[in-house]
Amino acid sequence: MLTDKLTPNAADNLAPLVVVSGPSGVGKSTIVRAVLDRDPEIWLSVSVTTRSPRPGELNGIDYHFVSDSEFEELIHTGGLLEWASYAGNRYGTPAEPVHQMRSQGRPVLLEIEVQGARAVRSRAEDAYLVFITPPDIETLRHRLAGRGTEDSEVLAERMNIANSELEAAIEFDRVLVNSQVGECSTDLLELISDLKRVT
Ligand code: 5GP
């Protein structure tokens, strides 16, 4: 399966682009952070969003927090590789830094929701799509509720979206079950290093 991704990458000599997706609350950020700690060469894209910052989130580090009109402007000037609406807010991946980092030989990770992952598939055919799934739906509910950052209405909306997002797993190149952060991040690191070998 990995060799399917060989041709377009090899032609442009770009480092791998790996999309990590899955429902909100599944633990994508924790896994991605573990991967970055273990291999600092890997670069995580910083998304733009119209959502308000949560306590502790920093502009330019966790997200670039922008207004609706700034987001529109980015779309119209072709500044986004992909974008999507999610639970009433908009999220997008700035295109230029992704290309720059890949050209410099740094593998790039995008941590995004499912519609965005689909959009990346159609815009960057050499992207490798990884879906993180919870061991079961109750674990996901606990993780989302335990975060304590959303009120009950937003939480219910995120659970609804999560249920439909889980059905998308079949569209991805690889599904990783997040039973254990350590194992899951090791799997992801191995996958990235396999992709580096074939590019
Ligand atoms: P949160 O509001 O919890 O930070 O993110 C909500 C969802 O949006 C998560 O599933 C997260 O992975 C996703 N997300 C974050 N950045 C982007 C992005 O640039 N594009 C897309 N399509 N989704 C994103």
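Helices here are DSSP runs of H or I with at least four residues, strands are runs of E with at least two, and both are numbered from the N terminus. Okay, a bit of housekeeping. This is a predicted model, where local features need pLDDT of at least 70, side-chain atom pairs count only at pLDDT 80 or more, and totals for chains, interfaces and linings use all residues. Residues are numbered from 1 along each chain as its sequence is written, and side-chain values use heavy atoms, with hydrogens and water left out.

So, the ligand. Around it sit 17 residues (near means a heavy atom within 4 Å), and coming nearest are Ser47, Arg51, Tyr63, Tyr91 and Glu113. By class, that shell has five nonpolar, four polar and eight charged residues; Ala, Val, Leu, Ile, Met, Phe, Trp, Tyr, Cys and Pro count as nonpolar, Asp, Glu, Lys and Arg as charged, and the others, Gly among them, as polar.

Now the polar contacts, meaning pairs of N or O atoms within 3.5 Å. Tyr63 puts a polar side-chain atom 2.5 Å from a ligand oxygen, and Arg54 has one 2.9 Å from a ligand oxygen. With Glu113, the partner is a ligand nitrogen, at 2.6 Å. On its own the ligand has 510 Å² of accessible area (Shrake-Rupley, 1.4 Å probe), and the protein covers 95% of that.

Where does the ligand sit? The space it takes is the largest pocket. A pocket, on a 1 Å grid over the protein atoms alone, is an open set of points with protein on both sides within 12 Å along at least five of seven lines, and lining residues have an atom within 4 Å of a point. Its volume is about 940 Å³. The lining counts 32 residues, with Ser29, Arg51, Arg54, Tyr63 and Glu111 nearest the centre. H2 (28–38), S5, S6 and H6 (137–147) each give two or more residues to that lining, and H2 gives the most, six.

One last oddity: Ala87, in the loop between S5 and S6, has a positive phi of about 50 degrees without being a glycine. Most residues other than glycine have a negative phi.

Terms used: A polar contact is a pair of N or O atoms within 3.5 Å; within protein, one must be able to donate a hydrogen and the other to accept it, and residues adjacent in sequence count only if both atoms are side-chain atoms. On a 1 Å grid over the protein atoms alone, a cavity is a set of points where a 1.4 Å probe fits but cannot get out, and a pocket is an open set with protein on both sides within 12 Å along at least five of seven lines; lining residues have an atom within 4 Å of a point. A molecule sits in a cavity or pocket if more than half of its atoms lie within 2 Å of its grid points. Grid points are joined across faces, edges and corners, and a volume is the space filled by probe spheres set on the points.
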